[in-house]
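Here's a quick walk through this fold, put together for someone who'd rather be at the bench. Have the structure open while you read.

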Amino acid sequence: PRHAKGLVTPDELRDQLKPLRQKKALVLKVIDIMDFNGSFMNRIRDLIGSNPVFLIVTKVDLLPKGTQEGAIEQWVLDRALKR
């Protein structure tokens with residue numbers, strides 16, 4: 001299937017990440033809070049081995065005012081651990 005220039009398919013991205021399993025790396029996983037399911041790659045641990053992962057959550061400023069930071073953090077952590 002054709003896709004926009006510069007974009008990769010999920011399968012292509014997985015292929016690009018596979019070599020990280022054999023290397024030491026710090027993995028930065030960027031997640032869009034407004035599209036968590038669409039931006040969260042499942043089973044990344046299979047690709048990156050035991051390398052540490054930092055979850056970076058974007059667009060938190062678009063959530064309703066008064067949203068508790070701790071609640072966001074817990075929600076993201078709960079969802080991430082289930083994948």
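Let's start with helix H4, in what is a predicted model. H4 takes in residues 69-81, which makes 13 residues. At 1.5 Å a residue the helix should span 18 Å, and its end C-alpha atoms do sit 18 Å apart, so expectation and model agree.

**Helix H4 and what it packs on**

- Which residues of H4 are buried? They are Ile72, Val76 and Ala80.
- Those three cover an arc of only 60 degrees around the axis, so they are on the same side of H4.
- That fits a general rule: an α-helix has 3.6 residues a turn, so residues three or four places apart point the same way.
- What do the buried residues of H4 pack against? Their partners are helix H2 (36-39) and strand E2.
- Aspartate 78 is in H4 too, but with a relative accessible area of 35% it counts as partly exposed.
- Aspartate 78 and leucine 13 are 65 residues apart along the chain, and their C-alpha atoms are separated by 24 Å.

**The chain as a whole**

- The protein chain has 4 helices and 2 strands.
- Reading from the N terminus, the elements go α-β-α-α-β-α.
- Measure along the principal axes and you'd need a box of roughly 40 × 35 × 20 Å for the C-alpha atoms.
- Of the 83 residues in the chain, 20% are buried.
- Take the contacts with a separation of 6 or more: 76% of them come from residues 24 or more positions apart.
- The accessible surface adds up to about 6600 Å², and carbon and sulfur atoms own 56% of that.

**A nonpolar patch on the surface**

- Leu26, Leu28, Val30, Phe54 and Ile56 make a nonpolar surface patch of about 470 Å².
- Where does the patch come from in the fold? Strand E1 (27-32) and strand E2 (53-58) each supply at least two of its residues.
- Phenylalanine 54 belongs to strand E2, and its relative accessibility of 49% makes it partly exposed.
- E2 therefore turns up twice in this briefing: the buried residues of H4 pack against it, and the patch draws at least two residues from it; phenylalanine 54, at 49%, is partly exposed.

**Salt bridges**

- How many salt bridges does the structure hold? There are 3.
- As general background, side chains of opposite charge can pair when their charged atoms come close.
- One of them joins the side chains of lysine 18 and aspartate 15, at 3.3 Å from N to O.
- Both ends of that pair are partly exposed: lysine 18 has 46% relative accessibility, and aspartate 15 has 49%.
- Another joins lysine 59 to aspartate 32, at 3.0 Å from N to O.
- This pair ties together distant parts of the chain, 27 residues apart, with lysine 59 in the loop between E2 and H4 and aspartate 32 in strand E1.
- Is aspartate 32 buried or exposed? At 16% relative accessibility it counts as buried, while lysine 59, at 39%, counts as partly exposed.
- Arginine 43 bridges to aspartate 46, with the closest N and O atoms 2.6 Å apart.
- Aspartate 46 is partly exposed at 40% relative accessible area, whereas arginine 43 counts as exposed at 56%.

**Backbone angles worth a look**

- Most residues other than glycine have a negative phi.
- Arginine 43 goes the other way, with a positive phi near 55 degrees.
- Where is arginine 43 found? It is in the loop between H2 and helix H3 (44-48).
- Lysine 59 also has a positive phi, near 65 degrees, and lies in the loop between E2 and H4.
- Both of these loop residues came up above as salt-bridge partners: arginine 43 with aspartate 46, and lysine 59 with aspartate 32.

Technical notes:
Residues are numbered from 1 along each chain as its sequence is written. This is a predicted model: local features need pLDDT of at least 70, side-chain atom pairs count only at pLDDT 80 or more; totals for chains, interfaces and linings use all residues. Side-chain values use heavy atoms; hydrogens and water are left out. Patches are made of residues with over 30% relative accessible area and no salt bridge: like charges are joined within 9 Å, nonpolar side chains (Val, Leu, Ile, Met, Phe, Trp, Tyr) within 5 Å. Accessible areas come from the Shrake-Rupley method with a 1.4 Å probe; for residues, only the protein chains shown count as cover. A salt bridge is a side-chain nitrogen of Lys or Arg within 4 Å of a carboxyl oxygen of Asp or Glu. Buried means under 20% relative accessible area, exposed over 50%, partly exposed in between (1.4 Å probe, protein chains only). The expected span of a helix is 1.5 Å times one less than its number of residues. The arc is that of the directions from the helix axis to the C-beta atoms. Contact means heavy atoms within 4.5 Å.
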